[in-house]
Amino acid sequence: LHAVKNAIDDQCVILGAGAFEVMGHHELMSFCPAVKGRAKLGVKAFAEALLVLPKVLALNTGLDPQNVLVSLQDQYVGQPDVPVGVNLSSGGAMNPTMNGIFDNFCVKRQLLHSCTVIANNLLLVDEIMRAGMSSLKG
């Protein structure tokens with residue numbers, strides 16, 4: 001019931017079955033050549049991190065995650081106007097809209113926000129540890 005409440009409050013839903021993540025990965029990788037310097041590595045890492053959800057969906061159903069990802073990406077590149085999600089029965093690609101598979105917008109927004117906050121905190125801890133190690137050497 002809470003998912004229905006979220007959909008009503010948000011007045012929208014996001015494609016499920018990993019389709020949002022596949023599209024996000026493709027868009028970030030397309031954007032990557034425009035990014036200069038070290039930031040390009042961050043964009044690539046974030047794009048690859050988005051594919052964790054389709055990988056987990058594949059693993060949880062006993063499918064090979066690499067084969068599933070290749071299938072999804074090939075299908076999406078071939079028809080970028082058609083959303084592509086994980087078909088948990090066959091391991092192939094399917095259209096989540098046609099199958100009624102959606103996620104809540106607020107959940108995806110919170111997930112993406114939390115991921116970036118956690119990544120920033122890890123980088124900060126890494127910098128602090130690096131600074132501490134250099135002060136011990138000197």
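# Exercises on a predicted model

At 38% relative accessibility, C115 falls in the partly exposed class. The model is predicted. Keep that in mind throughout.

## Exercise 1: Cysteines

Find how many disulfides the structure holds, and say why C115 forms none.

*Solution.*

Step 1. Recall the bond. A disulfide covalently links the sulfur atoms of two cysteines.

Step 2. Search the whole structure. The count is zero disulfides. C32, for one, has no disulfide partner: its nearest cysteine sulfur belongs to C115, 18 Å away.

Step 3. Now start from C115. The closest cysteine sulfur is in C106, at 15 Å. To count as a disulfide, the sulfur atoms must lie within 2.5 Å. C115 therefore forms no disulfide, because that sulfur is too far for a bond.

Step 4. Add the surroundings. C32 is buried, with 4% relative accessible area. C115 is partly exposed, at 38%.

## Exercise 2: The nonpolar core

List the residues of the largest nonpolar core and state which helix gives the largest share.

*Solution.*

Step 1. Read off the members. The core has nine residues: V22, L51, A58, V68, L69, L72, Y76, V84 and V86.

Step 2. Assign them to elements. Helix α5, residues 65–78, supplies the largest share, with four residues.

Step 3. Zoom in on V22. Skip the neighbours within four places in sequence. V22 then contacts L51, P54, L72, Y76 and V84.

## Exercise 3: α4 against α5

Decide how α4 and α5 are oriented to each other, and name the residues that make the contact.

*Solution.*

Step 1. Choose the descriptors. A helix pair is described by an angle and a distance between the two axes.

Step 2. Take the values. Helix α4 covers residues 52–60, and its axis is 8 Å from that of α5, at an angle of about 130°.

Step 3. Classify. Roughly perpendicular ends at 115 degrees, and roughly antiparallel needs over 145. The angle of about 130° fits neither. So α4 and α5 are oblique.

Step 4. Give the hand. This crossing is right-handed. On the α4 side, P54, K55, A58 and L59 make the contact; on the α5 side, P65, V68, L69 and L72 do.

Step 5. Look at N60, which also sits in helix α4. N60 is exposed, with a relative accessible area of 64%. Its C-alpha is 9.1 Å from that of L88, although 28 residues separate the two in sequence.

## Exercise 4: α2 and its partners

Work out how α2 is oriented to α5 and how it is oriented to α3.

*Solution.*

Step 1. Begin with α5. The α2 and α5 axes come within 10 Å and cross at roughly 65°. Angles of 65 to 115 degrees are classed as roughly perpendicular. That is therefore the class for α2 and α5.

Step 2. Give the hand. α2 and α5 cross in a right-handed way. V22, M23, H25, H26 and E27 of α2 meet L72, Q73, Y76 and V77 of α5.

Step 3. Turn to helix α3, residues 39–50. Its axis comes within 8 Å of the α2 axis, and the two cross at roughly 165°. Over 145 degrees means roughly antiparallel. So α2 and α3 are roughly antiparallel.

Step 4. Give the hand here too. α2 passes α3 in a left-handed crossing. The α2 residues are E21, G24, H25, L28, M29 and F31. They meet V43, K44, F46, A47, E48 and L50 of α3.

## Exercise 5: Positive phi

For Q11 and A17, find where each lies and whether each is buried or exposed.

*Solution.*

Step 1. Know the usual case. Most residues other than glycine have a negative phi.

Step 2. Take Q11. Its phi is positive, about 60°, though the residue is not a glycine. Q11 lies in the loop between α1 (2–10) and β1 (13–15). It is exposed, at 72% relative accessible area.

Step 3. Take A17. Its phi is also positive, about 65°, and A17 is not a glycine. A17 lies in the loop between β1 and α2 (19–31). It is buried, at 13% relative accessibility.

## Exercise 6: A strand residue

Place N104 and list the residues it touches.

*Solution.*

Step 1. Locate the residue. N104 is in strand β4, residues 102–104.

Step 2. Check burial. At 12% relative accessibility, N104 is buried, because the limit is under 20%.

Step 3. List contacts, leaving out residues up to four places away in sequence. N104 touches A3, N6, A7 and I14.

Definitions and conventions
Residues numbered from 1 in each chain as written. Predicted model: local features only at pLDDT ≥ 70, side-chain atom pairs only at ≥ 80, totals over all residues. Heavy atoms only, no water. Core = buried A, V, L, I, M, F, W, Y, C linked by side-chain atoms within 4.5 Å. Buried < 20%, exposed > 50% of the residue type's maximum accessible area, 1.4 Å probe, protein only. Contact = heavy atoms within 4.5 Å. Axes fitted to C-alpha atoms, helices over the stretch in contact; angles between N-to-C directions. Parallel < 35°, antiparallel > 145°, perpendicular 65-115°, else oblique. Left-handed = near helix turned anticlockwise from the far one by under 90°.
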